[in-house]
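Visitor: Could you take me through one part of this structure up close? I'd like to see how a single helix sits among its neighbours.

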Amino acid sequence: MKHSFRLLLLAILFPLAFVSCVDDEEYNDSPTGNFEALWHLIDEHYCYFSYKKQQYGLDWNQVYESYKPRASAAITPGQLFEILGDMLGELRDGHVNMYSSADVSRYWSWKEDFPANYSDSLERRYLGTDYKIASGLKYRVLDDNVGYIRYESFSKGIGEGNLDEVISELMLCRGLIIDIRNNGGGILHYAERFASRFFNETTLVGYLQHKTGKGHDDFSPKEEQWQQPSSNLRWHKKVCLLTNRGVYSAANEFVKIMEVLPDVTIVGDRTGGGGGMPMSSQLPNGWIVRYSAVPSYDRNGKDIEFGIDPDVQVSITDTDYARGVDTIIETARRLLTE
């Protein structure tokens, strides 16, 4: 069955909008009650248990045994928040957060434990001072007649008129670089709108599933995701899409969409991942918990939770950085001009 990407839009646009309350009659507002509520919430609704057990041996039952004594001994809300946040960190998921009035628990090792492979100072050298801005896009023609577009966050909107103007400006270029490094996601609809300018026909780009029960493996059959082409101006030449570990969530989905195209080459580092649609619930004490509930897969049915590998793996070298050169951009320029 054809399934539009727009089903994912609201969950990424409003990550805390899908909020349900944990049954207050079953779990009371105490350290133990909030621990039990959180553990069972994740146990019944989180979507990556089997995958992460395979990847690094996650055992959620063992997590329960390890953290329950710590949570029960918590004296202050701050201590409980730290303990429950540590427990959620066992999932190794950047879409898993807990929100209190004082703090947000988070897992950022998907990008912090790896080389940045991006420098804003180097970006400024390539953009210069006379680049153009079309809403969320910065763009210019480089001196070898290669077009360069920087899209730093899908939280920044783009309209159809913006895209028409950008493509018109770059139309005579030999090829196009799209730089989404450090794009942590945002609104998937903008990623889908941007991607539509590179497709000439409706194309299968991936799959998703939905939870159907409380068991770790209770899922619906995989449903197809299709990308529609734009009816406006489209790009028909080669593209290099630049990625690093800072590419996450909706930006990770953008890479998943674009990688199916034969004229698109992914250049740089593996993306950070974030393949699940986030949902949210509330604990008895009022803290909000966000978690991945709907897994997403690429066109070959491969899980993208831990990222997507580039076609050309390359990192910024120390030598190039010292010379004011971005190794990843230069690699893309060579690929487009050879």
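Guide: Let's look at helix α8 and then at the sheet beside its buried residues. A quick heads-up: this is a predicted model, where local features need pLDDT of at least 70, side-chain atom pairs count only at pLDDT 80 or more, and totals for chains, interfaces and linings use all residues. Residues are numbered from 1 along each chain as its sequence is written, and side-chain values use heavy atoms, with hydrogens and water left out.

Okay, α8 spans residues 160-170, and in it Leu163, Val166, Ile167 and Leu170 are buried (under 20% relative accessible area, with a 1.4 Å probe and protein chains only). Helices here are DSSP runs of H or I with at least four residues, strands are E runs of at least two, and both are numbered from the N terminus. Those four residues cover an arc of only 95° around the axis, so they sit on the same side of α8; the arc is taken from the directions from the helix axis to the C-beta atoms. An α-helix has 3.6 residues a turn, so residues three or four places apart point the same way.

What covers them? The cover includes β4 (132-134), β5 (137-141), β6 (146-151), β7 (175-179) and α9 (188-195), where contact means heavy atoms within 4.5 Å.

Now follow those strands. An open sheet of seven strands runs β4-β5-β6-β7-β10-β11-β15, with mixed pairing; two strands pair if DSSP finds at least two bridges between them. At the edges are β4 and β15 (312-313), each pairing on one side only. β4 and β5 run antiparallel, joined by three bridges, and Ala134 stands opposite Leu137 in β5.

Technical notes:
Buried means under 20% relative accessible area, exposed over 50%, partly exposed in between (1.4 Å probe, protein chains only).
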